[in-house]
Amino acid sequence: MAEFDLVILGGGSGGYACALRSAQLGKSVVLIESDKLGGTCLHRGCIPTKALLHAGEIADNSREASHYGVNAQFLSMDMPAVNTYKDGVVGKLFKGLQGLVKSRGITFVEGHGKLVAKNTVEVNGEKYVGKNVVLATGSYARTLPGLEIDGKRIMTSDHATALDYVPKSVIVLGGGVIGCEFASVWKSFGAEVTIIEALPHLVALEDESSSKLLERAFRKRGINFELGDRFKTAKVSADSVTVTLENGKEFTADVLLVAVGRGPVSSNLGYEEQGVTMERGYVIVNEKCQTSVPGIWAVGDLIPTLQLAHVGFGEGILVAEEIAGLNPRPINYDGVPRVTYSDPEVASVGLTTAVAKERGHDVVELNYDLAGNGKAQILGTSGSIKLVAEKNGPVLGIHMVGARVGELLAEAQLIYNWEASATDVAPLIHAHPTLSEAMGEAHMALAGKPLHAHG
Ligand SMILES: Cc1cc2nc3c(=O)[nH]c(=O)nc-3n(C[C@H](O)[C@H](O)[C@H](O)COP(=O)(O)OP(=O)(O)OC[C@H]3O[C@@H](n4cnc5c(N)ncnc54)[C@H](O)[C@@H]3O)c2cc1C
């Protein structure tokens, strides 16, 4: 039996962030991981998908090179080489993270852990007792009834991030963030892509205006999508898969990617047996990520907050600081930045128009079209920055579509989280010509003094 200040179960974004911050605060920590330190984000999520998207961007750049006067030609994708590049990025970060955990004096245990008492996790027959236990076992890719994942014809993002060929055609079931990112990658790689989404829009959690702009851009790129139609069956044959929708429409492709969301990894881990309150498999926590059992905490995709790596980091740090007695401020989840890294990107922070109105705000809106932005013209991108604000009050939400707009979130989140109004932001001079200039101009326009804005 070994005793620690914190026993952390799961070494993904949430778990390792908690471990690193706790060690920094002088606590003794054991971090238990059954697979690889870094979890979904590093090995099967954020990092590999963004590497694939970057390879796709280069493929598209080579196709469009002549438009910019560059003599280059797109020949084909070399997927083994793409994977070498992608795995190289992951490998470097993995090594760095392992070194960081070691250098902070964190005890790392490899193995499948189970909560066997309120303060104890058992791994490989060994018991680890903690003054605190942090549950951080993350999430898995869900499927639908009747959809058998075989990893070949019908796959999840776990398989898609490791694929060693470009399918000729793909059906993506689910038009959320992960579905749209893979649709974008595969289209750039040269596949014929169809997205099937039961809701009326792609990236349906975003402001409707962003969804519509993304749909327009995808249509222009030749990415097909069927909205508002529900999946009924999928039939696998020797060389294809056929999907039938409830409305009778049929689609056939080489592969089917199931991207219908992620569910919590929580069954048979002893959580319920130790009295932890759960709902639909999620661990329920208060605003400080404390579960119903004193001394047990939970973070990351395991709890019903936004399933994002940086949310996991934030929750891990929050728990570490709360345990250390620093009384940190609870997370304002509306103020968390969100990005879909497709081409074009969709990025937002704060409230959509619909949510702002639901919450009783007296809403004003401003749409700044990127057509008025020099850098957007140079890059050949279109899209917009939409501001949602309280009339004569603070900015309530910022919603962006266009190439590289994810990078504009740094400023957008400061504006939202510091409750700035358009008149606070308008006098700040933005560098010309940058995309960030569009952020400044949008606020200038909302403050009643538009510069390069029409209408
Ligand atoms: C394709 C894809 C793309 C994504 N892209 C982004 C992105 O661009 N940006 C972003 O912010 N988020 C992205 N995400 C989401 C992000 O990956 C997750 O929000 C994040 O990984 C959650 O961290 P976590 O620590 O809660 O869980 P995880 O990262 O899933 O880590 C949980 C860890 O616990 C381990 N574990 C589970 N059970 C046990 C057990 N019993 N014993 C020991 N260990 C156990 C698992 O092996 C795993 O390593 C993406 C996800 C996917 C799938």
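Which helices and strands each supply at least two residues of the shell around the ligand? I began my notes with this question, working throughout on a predicted model.

Entry on the ligand shell. I found that four helices and a strand meet the condition, namely α1 (13–24), α2 (39–44), α3 (46–63) and α8 (309–323) together with β2 (29–33). Of the elements I looked up, α2 gives the most to this shell, with four residues. I noted that 37 residues surround the ligand, and that the closest are Gly10, Gly12, Gly39, Gly138 and Gly300. Sorting the shell by residue class, I recorded 21 polar residues, 12 nonpolar ones and four that are charged.

Entry on α1. Since this helix is listed among the suppliers of the shell, I turned to its geometry and found 12 residues that reach 16 Å from the first C-alpha to the last, close to the 16 Å expected at 1.5 Å a residue. I then checked burial, and α1 proved mostly covered, with 11 of its 12 residues buried; among them are Tyr16, Cys18, Leu20 and Arg21. The buried residues of α1 pack against β1 (2–9), β2, α2, α4 (79–103), β6 (126–135) and α8. Just after the helix, I saw that Gly26 takes a positive phi of about 90°.

Entry on the domains. The domain assignment, as I read it, places residues 2–141 and 263–333 in domain 1, residues 154–260 in domain 2 and residues 344–446 in domain 3. I also looked up the separation of domain 1 and domain 3, whose C-alpha centres lie 30 Å apart.

Conventions
Residues are numbered from 1 along each chain as its sequence is written. This is a predicted model: local features need pLDDT of at least 70, side-chain atom pairs count only at pLDDT 80 or more; totals for chains, interfaces and linings use all residues. Domain bounds come from an automatic or database domain assignment. A residue is near a molecule or strand if its C-beta atom, placed from the backbone, lies within 6 Å of it. Ala, Val, Leu, Ile, Met, Phe, Trp, Tyr, Cys and Pro count as nonpolar, Asp, Glu, Lys and Arg as charged, and the others, Gly among them, as polar. The expected span of a helix is 1.5 Å times one less than its number of residues. A residue is buried if 20 or more other C-beta atoms lie within 10 Å of its own, exposed if 12 or fewer, and partly exposed in between; C-beta atoms are placed from the backbone. Two residues are in contact if their C-beta atoms, placed from the backbone, lie within 7 Å.
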